[in-house]
Amino acid sequence: RTMPSWVGFTSEGKVVGAAAKSQASRSPKNTIYDVKRILGRAFTDPVVVEEVKNFPFTVEEGTHGNPMIVVEWRNEKKTLNPEEISAMVLAELKLAAEEYLGCEVKEAVITVPAHFNNLQRQATK
C-alpha cells in the first residue's frame, strides 16, 4: 500500500494521506502536497518560483529566505516550512507501520529521489 504525501488542515485538526487528498476539492488552500519539490530550496530558487505559481495554497518567503506554507489550522493562521509538512507525513507513515506490524517502530530508512541536491537531502534528515 502507498500513502499520498498530502496534508489537509481543518478547524478540527489535520488529516494525512488519502483523507487529505479527498478533502482537497473542499479546501484547496489548506491541502498541502508536492512539498518535496520546494524542500531545501530558497524561496527565490527558479524551481520554487515556478511551483508556487501552480499551488492552490499560499507559499510566502520566510525570514531566512526559505519558502513557508501558510494554512488555516484550528481557526488560526499557521506558517509551516516544507520540512514540517514532510514530518507530518512521515509521522503518519510510522503510525500506519506500527498498526500493521503490531509493534513500535524505532528505526526506518528514508530514501530520497536521486535528483535531490545536498540541501534537499539534508532537509529530509
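**Stop 1: a nonpolar surface patch**

Select Leu90, Leu93 and Ile110. These three residues form a nonpolar patch on the surface, and together they have about 230 Å² of accessible area. Leu90 belongs to helix 3, which covers residues 82-101. With a relative accessible area of 33%, Leu90 is partly exposed; a patch member needs over 30%, so Leu90 meets that cut-off.

**Stop 2: colour by confidence**

The model is predicted, so colour the chain by pLDDT before going further. The mean pLDDT of the protein is 93, and 100% of the residues reach 70 or more. Which element has the lowest mean pLDDT, and which the highest? Helix 4 (residues 118-124) has the lowest, at 83. Strand 3 (residues 31-32) has the highest, at 97.

**Stop 3: salt bridges within helices**

How many salt bridges does a search of the whole structure find? The search finds six. Two of these can be viewed along helices.

Stay on helix 3 and select Lys94 and Glu98. Lys94 forms a salt bridge with Glu98, and the closest N and O atoms are 2.6 Å apart. Both residues lie in helix 3, four residues apart, which is about one turn of the helix. Is each partner buried or exposed, or in between? Lys94 is partly exposed, with a relative accessible area of 36%. Glu98, at 17% relative accessibility, counts as buried, because the cut-off for buried is under 20%.

Next, select Lys53 and Glu50. Their side chains meet in a salt bridge with an N to O distance of 2.8 Å. Both sit in helix 2 (residues 46-54), three residues apart, again about one turn of the helix. Lys53 is exposed, with a relative accessible area of 59%, whereas Glu50 is partly exposed at 42%.

**Stop 4: Asp34 and the salt-bridge network**

Select Asp34, Arg37 and Glu51. A network of salt bridges links these three residues. For the pair of Arg37 and Asp34, the closest N and O atoms of the salt bridge are 3.3 Å apart. Arg37 counts as partly exposed, at 39% relative accessibility. Asp34 is partly exposed as well, at 28%.

Now look at the backbone of Asp34, in the loop between strand 3 and helix 2. Most residues other than glycine have a negative phi. Asp34 is not a glycine, yet its phi is positive, at about 55 degrees.

Where can a second positive phi be found? Select Arg74, which is not a glycine and has a positive phi of about 55 degrees. Arg74 is in the loop between strand 5 (67-73) and strand 6 (76-80).

**Stop 5: Asp45**

Return to the loop between strand 3 and helix 2 and select Asp45, which is placed there. Show the side chain of Asp45 and its polar partners. One polar contact joins the side chain of Asp45 to the side chain of Arg41, at 3.4 Å. In addition, a polar atom of the Asp45 side chain lies 2.7 Å from the backbone nitrogen of Val47.

**Stop 6: aromatic rings**

A search of the whole structure finds five aromatic pairs. Select Phe55 and Phe57 and measure between the rings. The ring centres of Phe55 and Phe57 are 4.4 Å apart and the planes are at 20 degrees, so the pair is stacked. The cut-off for stacked is planes under 30 degrees apart. Are the two residues buried or exposed? Phe55 counts as buried at 9% relative accessibility, and Phe57 counts as buried at 4%.

Extend the selection to Trp6 and Tyr33. Trp6, Tyr33, Phe55 and Phe57 form one aromatic cluster.

**Stop 7: Gln23, and a distance across the model**

Finally, select Gln23, in the loop between helix 1 (18-22) and strand 3. Gln23 counts as buried, at 7% relative accessibility. Add Glu84 and draw a distance between the two C-alpha atoms. Gln23 and Glu84 are 61 residues apart along the chain, and their C-alpha atoms are separated by 20 Å.

How values were computed: Residues are numbered from 1 along each chain as its sequence is written. This is a predicted model: local features need pLDDT of at least 70, side-chain atom pairs count only at pLDDT 80 or more; totals for chains, interfaces and linings use all residues. Side-chain values use heavy atoms; hydrogens and water are left out. Patches are made of residues with over 30% relative accessible area and no salt bridge: like charges are joined within 9 Å, nonpolar side chains (Val, Leu, Ile, Met, Phe, Trp, Tyr) within 5 Å. Accessible areas come from the Shrake-Rupley method with a 1.4 Å probe; for residues, only the protein chains shown count as cover. A salt bridge is a side-chain nitrogen of Lys or Arg within 4 Å of a carboxyl oxygen of Asp or Glu. Helices (H or I, at least four residues) and strands (E, at least two) are DSSP runs, numbered from the N terminus. Buried means under 20% relative accessible area, exposed over 50%, partly exposed in between (1.4 Å probe, protein chains only). pLDDT is the predictor's confidence in each residue, from 0 to 100. A polar contact is a pair of N or O atoms within 3.5 Å; within protein, one must be able to donate a hydrogen and the other to accept it, and residues adjacent in sequence count only if both atoms are side-chain atoms. Rings of Phe, Tyr and Trp (its six-membered ring) pair if their centres lie within 6.5 Å; planes under 30 degrees apart count as stacked, over 60 as edge-to-face and the rest as tilted.
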